[in-house]
Amino acid sequence: MSDSVDLNTRGRRPAFFGDGQIDALLTALLESMSQQWATRERVLALQKLLERRGVIEPGELEAFVFDDADTAKLAADQQAFLADAFRAIGGGFQGLSDREQEIDEFQRG
Amino acid sequence: MTAPLQHDLYVRGDREQAAKQSFVTGLRAFVLNDMAGAMQQRYTQQVEPRIVREQGAAPASGPEVHRAMKTDDLFRFYSSVRYNAQEMVWRSTLRPLADAAQALNAQVDELSQRTEQVGGSLTLNDAVELPKNVAALDVHLAPGSYGNDTAQMPWLAGALYDHGLNVFSFGAMGANLDDIGQSFAHYVKHRYPDFTPQHIVDLGCTIGHNSCAWKQAYPQAQVTAIDVAAPCLRYGHARALSQGVAVDFEQMNATDLRFPDASVDVVFSSMFLHELSVKDIRAVMREAYRVLRPGGLMLHMELPPNDELTPYDAFYLDWDAYYNNEPYYKTFRDQDFAALREEAGFSREKLFHAIVPQYTYMSPDAFAEALTQDAAFDDKTGRLADGIQWYGFGAWK
């Protein structure tokens with residue numbers, strides 16, 4: 001990728017959801033979706049290549065079953081992934097003023 | 001999926017880049033068809049009835065609908081996703097173009113060698129400055145706007161426009177993005193078979209994608225494609241040569257044409273006037289009248305005027321004025337299109353407008369059949385979505 005090209009649009013972005021934070025989240029989500037789509041397409045291309053070269057048979061990928069050890073590891077990984085993703089839910093949020101006051105008090109000892 | 005452009009300057013990008021472009025193409029189609037449909041339903045079923053209950057009357061204009069919709073969650077999602085999708089159009093195409101800079105440079109040079117064989121020309125003029133509407137902001141959110149170039153990529157804005165529009169239009173603008181030019185050129189051919197223009201001028205041509213269509217429809221005519229932006233003209237010239245189409249590209253401002261009085265048969269533009277201030281639109285109309293021969297044709301493919309639209313459809317099209325860096329998108333459509341032409345010198349009885357189906361998406365017979373009836377405005381007129389029909393207005397001198 002050349003460094004000489006600026007990918008960004010000049011000017012400020014509209015905040016359709018009020019303060020712009022939800023808009024920013026949506027930007028991240030859509031970029032992530034486009035990356036996910038590219039990965040999904042690449043995996044399909046790999047599958048088709050493997051089938052075409054006879055490394056796997058058509059339908060073999062669909063019929064593939066993980067063994068018990070892999071299944072257990074996948075289940076554990078999935079739970080850890082979900083815990084990571086939802087770590088902020090129910091965690092108790094704090095207003096910025098309240099937080100500032102708490103830090104100030106901490107500093108005063 | 002993003003269909004490949006049909007010329008030698010097309011850059012597909014690597015697998016990941018191409019897949020991301022396809023994602024953006026699909027995202028835009030989803031936003032402009034599905035999400036837009038849901039938003040319209042929300043308005044007619046909930047928002048408008050609520051306003052009627054509260055205020056005794058429905059919103060009567062685009063801005064009134066806009067005010068009512070601004071806090072609606074569907075409008076917010078539609079707008080935020082659409083804005084992001086617009087940015088992603090450019091981001092997904094800029095990267096592969098920058099990666100392919102060296103190869104594209106060689107391709108542009110190689111194509112320019114074909115000028116003698118194909119015909120056409122490229123005339124740049126340093127004295128033509130980029131006007132404020134092009135230089136001061138990134139039109140369509142495209143980084144660098146129409147003037148974007150670098151020493152290594154003197155054609156960058158043109159290449160970005162071409163590849164970006166291809167992703168943007170989700171297959172709705174023709175295989176080489178020339179459906180508008182093809183549709184209007186063939187509209188004129190069918191409606192006015194005795195009209196044989198010798199000189200056709202395409203104003204604000206960007207990369208000449210529609211200028212080429214006119215040359216293909218009227219091969220005996222000289223076609224001059226003008227624009228203020230040198231990077232677009234450099235690219236457009238090479239693009240036309242790649243297609244084997246002879247078009248003369250010239251750097252020129254449409255408000256100050258360098259053609260003698262009464263020397264041109266057709267003055268055409270597409271999606272151009274709405275990028276100009278009303279003052280400049282008036283100047284363009286005056287210049288068109290001046291350079292046209294008696295019996296010549298002025299024809300502008302454009303967005304439909306607000307007075308032909310429902311308040312909701314006006315609101316829908318106004319989106320681009322506020323959120324897509326096209327500030328004149330609304331003020332243009334607020335004008336009295338008849339008055340603009342008459343003020344320039346055209347006679348009222350020689351004014352017309354045309355609603356034209358998509359030529360490259362139907363058989364020539366079906367197109368000819370469709371033109372036997374005058375189409376009416378509907379919610380697909382001038383609105384990029386499945387089933388669009390193009391709107392144009394013009395005058396004979």
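## A two-chain model, region by region

Chain B has 15 helices and 8 strands in its secondary structure. Keep in mind that this is a predicted model. With a radius of gyration of 21 Å, close to the 21 Å that the globule rule gives for 397 residues, chain B is as compact as a globular protein of that length. Its C-alpha trace spans about 70 × 55 × 45 Å along the principal axes. Of the 397 residues in chain B, 52% are buried. The chain also folds back on itself a good deal in sequence terms: take the contacts in chain B between residues at least 6 apart, and 78% of them join residues at least 24 apart.

Now for chain A. Here the secondary structure comes to 4 helices and 0 strands, so to speak an α-α-α-α pattern when you read along the sequence. A compact globule of 109 residues would have a radius of gyration near 13 Å, but chain A comes out at 23 Å. The C-alpha trace of chain A spans about 70 × 45 × 25 Å along its principal axes, and buried residues make up 6% of its 109 residues.

Here are the two chains side by side.

| Chain | Helices and strands | Radius of gyration | Span of C-alpha trace | Buried residues |
|---|---|---|---|---|
| Chain A | 4 helices, 0 strands | 23 Å | about 70 × 45 × 25 Å | 6% of 109 residues |
| Chain B | 15 helices, 8 strands | 21 Å | about 70 × 55 × 45 Å | 52% of 397 residues |

Helix 3 of chain A, residues 68-85, is a good one to look at. Over its 18 residues it reaches 26 Å from the first C-alpha to the last, close to the 26 Å expected at 1.5 Å a residue. This helix 3 of chain A is hardly covered, with a count of 0 buried residues among its 18.

Where do the two chains meet? The contact takes 23 residues from chain A and 28 residues from chain B. On the chain B side, helix 1 (15-55) and helix 3 (73-99) each supply at least two of the residues that touch chain A. Helix 3 of chain B gives the most to that side, with 13 residues. Sorted by class, the residues of chain B that touch chain A are 13 nonpolar, 9 charged and 6 polar.

While we're on helix 3 of chain B, have a look at Arg95(B), which is found in that helix. Arg95(B) counts as buried because 20 other C-beta atoms lie within 10 Å, and the cut-off for buried is 20 or more. From Arg95(B) to Pro294(B) is 199 residues in sequence and 48 Å in space, C-alpha to C-alpha.

Inside chain B, one helix pair is worth tracing. The axes of helix 4 (residues 101-112) and helix 10 (residues 230-242) of chain B come within 9 Å and cross at roughly 65 degrees, and the crossing of helix 4 and helix 10 of chain B is left-handed. Which residues make the contact between them? From helix 4 of chain B they are Val108(B), Leu111(B) and Ser112(B), and from helix 10 of chain B they are Ala238(B), Leu241(B) and Ser242(B). By class, that contact has 4 nonpolar, 2 polar and no charged residues.

Next, strand 6 of chain B (residues 292-302), which is the place of Leu299(B). Is Leu299(B) buried or exposed? Leu299(B) is buried, because 24 other C-beta atoms lie within 10 Å. Leaving aside neighbours within four places in sequence, Leu299(B) is in contact with Phe184(B), Val266(B), Phe268(B), Gly392(B) and Gly394(B). Ser270(B) is 29 residues away from Leu299(B) in sequence, with 8.6 Å between them in space, C-alpha to C-alpha.

Finally, two loop residues of chain B have a backbone angle to check. Phi of Ser145(B) is near 55 degrees, a positive value in a residue other than glycine. Ser145(B) is found in the loop between helix 6 (132-135) and helix 7 (156-168) of chain B, and with 24 other C-beta atoms within 10 Å it is buried. Leu177(B) also has a positive phi in a residue other than glycine, near 60 degrees. The loop that holds Leu177(B) runs between helix 7 and helix 8 (179-191) of chain B, and Leu177(B) counts as buried, with 25 C-beta neighbours inside 10 Å.

Definitions and conventions. Residues numbered from 1 in each chain as written. Chains lettered and ligands numbered in written order. Predicted model: local features only at pLDDT ≥ 70, side-chain atom pairs only at ≥ 80, totals over all residues. Contact = placed C-beta atoms within 7 Å. Nonpolar A, V, L, I, M, F, W, Y, C, P; charged D, E, K, R; others polar. Axes fitted to C-alpha atoms, helices over the stretch in contact; angles between N-to-C directions. Left-handed = near helix turned anticlockwise from the far one by under 90°. Rg over C-alpha atoms; globule rule 2.2 N^0.38 Å. Buried ≥ 20, exposed ≤ 12 C-beta atoms within 10 Å, placed from the backbone. Expected span 1.5 Å × (residues − 1).
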